[in-house]
Amino acid sequence: MELDVQPKVIIHGGAGSSLHGKGGVEAVRRSLYPVIEEVYALLLEGKSACEAVVRGCQMLEDDPLFNAGTGSVLQSDGQIRMSAALMDGIAQRFSGTINVSRVQHPIELALYLQSSPDRVLSDFGAAELLRELQLPSYDPITERRLNEWLQERQENFTKTMAAVVAEVGVGDDADTTVVDTSARRGTIGVVVLDSQGKLASGTSTGGKGFERIGRVSDSAMPAGNYATAHAAVSCTGIGEDIIDECLAARIVVRVTDGMSLIDAMQRTFTEASDRQRDLGAIALDASGAIAWGKTSDVILAAFHDGNKIADTLELPVGTQVGCI
């Protein structure tokens with residue numbers, strides 16, 4: 001089909017400390033690239049930005065390497081509570097679910113809520129919505145996450161959050177999976193510009209792990225996921241830092257008010273770095289510019305620029321902003 005606009009897509013699987021060893025980088029790459037390929041194919045078929053975002057989020061929620069959906073971290077009481085948000089940039093409509101359990105794809109609830117008069121639901125309301133939609137009950141707990149929680153319980157929950165990035169092949173045995181305990185910020189996100197020039201963003205998370213029951217992440221807030229007709233952003237990192245910066249909305253508003261995407265990212269991440277925040281973001285604007293930024297050591301992002309797939313997995317440590 002003839003495209004009005006060259007589609008673009010960028011996704012992320014979290015941010016945190018450096019992935020040590022080529023095996024870890026390649027493991028993440030093997031998870032991210034198939035998502036990019038499928039989402040981009042949908043865009044070439046003419047699927048809408050929201051449809052493509054939801055499909056990308058579903059795929060990432062199904063990958064236990066990332067802290068969203070299957071493989072989400074456990075909270076202090078041993079339960080998984082997930083949050084997700086979707087924003088349609090053209091309609092400028094935000095929807096989300098907070099601390100939902102027993103569902104395979106939290107982003108599906110956010111999609112349904114796009115057409116609801118009540119567009120953000122917390123735990124009890126989200127559970128009732130699951131029953132109304134007759135979605136099957138699903139247990140997202142993996143053996144890895146359960147073992148992390150059991151170990152931390154023995155240590156009286158002295159950590160403030162869980163390890164959420166699995167590194168493959170970094171030990172002496174290349175077949176061994178080792179958890180990088182310092183890589184602890186986990187979210188997934190998808191940002192899309194479709195063939196009609198429409199933007200959308202989606203973000204999903206299992207939280208930070210071991211947190212106080214009832215803690216709300218940034219992922220189901222405009223601080224962590226925001227879009228207008230001008231720009232769209234998904235964030236990752238320490239949720240409280242993202243909320244304090246109102247990161248996604250700040251970047252999008254600056255672009256909407258006339259800043260270039262790269263200038264908005266540079267200014268925003270300079271401010272965040274000065275305040276010693278630990279976070280990252282991916283972004284697109286209506287012209288098709290693709291951007292990413294981080295103050296953490298690494299942001300696990302990949303993108304399709306219309307010609308090829310590339311990623312940010314081997315950026316230098318420290319605050320970095322890029323745009324193409």
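**Exercise 1. The surroundings of Thr187**

Which residues does Thr187 touch, not counting residues up to four places away in sequence?

Solution. The structure is a predicted model, in which local features need pLDDT of at least 70, side-chain atom pairs count only at pLDDT 80 or more, and totals for chains, interfaces and linings use all residues. Residues are numbered from 1 along each chain as its sequence is written, and side-chain values use heavy atoms, with hydrogens and water left out.

Step 1: taking contact as heavy atoms within 4.5 Å, Thr187 touches His12, Gly13, Gly14, Asn67, Thr203, Ser204, Thr205, Ser219, Cys235, Thr236 and Gly237.

Step 2: Thr187 is placed in the loop between strand S6 (177-179) and strand S7 (188-193), where helices (H or I, at least four residues) and strands (E, at least two) are DSSP runs numbered from the N terminus.

Step 3: with a relative accessible area of 3%, Thr187 is buried; buried means under 20% relative accessible area, exposed over 50%, and partly exposed in between (1.4 Å probe, protein chains only).

Step 4: an unreviewed UniProt entry carries the annotation "active site" for Thr187; such positions are given in the numbering used here, feature names are shortened, and annotations may be inferred rather than shown by experiment.

**Exercise 2. The eight-stranded sheet**

Give the order of the strands in the sheet of 8 strands, and state which strands stand at its edges.

Solution. Step 1: the sheet is open, with mixed pairing, and its order is S4-S3-S2-S8-S7-S1-S13-S14; two strands pair if DSSP finds at least two bridges between them.

Step 2: strand S4 (120-121) and strand S14 (309-311) each have a single partner strand, so one side of each is left without a neighbour in the sheet.

Step 3: strand S3 (residues 93-100) pairs with S4 in the parallel sense over 2 bridges, and Thr97 stands opposite Leu121 in S4.

Step 4: helix H3 (residues 106-113) packs on the sheet by touching S2, S3, S4 and S8, and its direction makes about 40 degrees with that of S2; axes are lines fitted to C-alpha atoms, for helices over the stretch in contact, and angles run from 0 to 180 degrees between N-to-C directions.

Step 5: S1 is joined to S7 by 5 bridges in an antiparallel arrangement, with Lys8 and Leu193 as bridge partners, while S1 and S13 pair in the antiparallel sense over 6 bridges. In S1, 9 of its 9 residues are buried.

**Exercise 3. The five-stranded sheet and the nonpolar core**

Describe the sheet of 5 strands, and then identify the helix that gives the largest share of the largest nonpolar core.

Solution. Step 1: this open sheet runs in the order S9-S10-S11-S12-S15 with antiparallel pairing, and its neighbouring strands are turned by 10 degrees against each other on average, direction ignored.

Step 2: strand S10 (residues 231-237) and strand S11 (residues 279-285) run antiparallel and are joined by 7 bridges, with Thr236 standing opposite Gly280 in S11.

Step 3: H7 lies across S9, S10 and S11, at about 155 degrees to S10, whereas helix H8 (residues 261-274) lies across S11, S12 and S15, at about 165 degrees to S11.

Step 4: a nonpolar core is a set of buried Ala, Val, Leu, Ile, Met, Phe, Trp, Tyr and Cys residues joined through side-chain atoms within 4.5 Å. The largest has 39 residues, and those with the most contacts inside it are Ile10, Val233, Leu247, Ile251 and Leu261. Helix H7 (residues 247-256) supplies its largest share, 6 residues.

Step 5: apart from this core lies another of 34 residues, among them Tyr33, Val39, Cys50 and Leu300.

**Exercise 4. The aromatic pair**

Explain why the pair formed by Trp292 and Phe303 is classed as it is.

Solution. Step 1: a search of the whole structure finds 1 aromatic pair; rings of Phe, Tyr and Trp (its six-membered ring) pair if their centres lie within 6.5 Å, and planes under 30 degrees apart count as stacked, over 60 as edge-to-face and the rest as tilted.

Step 2: the ring centres of Trp292 and Phe303 are 5.1 Å apart and their planes stand at 15 degrees, so the pair is stacked.

Step 3: because Trp292 lies in strand S12 (residues 290-294) and Phe303 in strand S13 (residues 298-304), the pair ties together parts that are 11 residues apart in sequence.

Step 4: Trp292 is buried at 10% relative accessibility, and Phe303 is buried at 5%.
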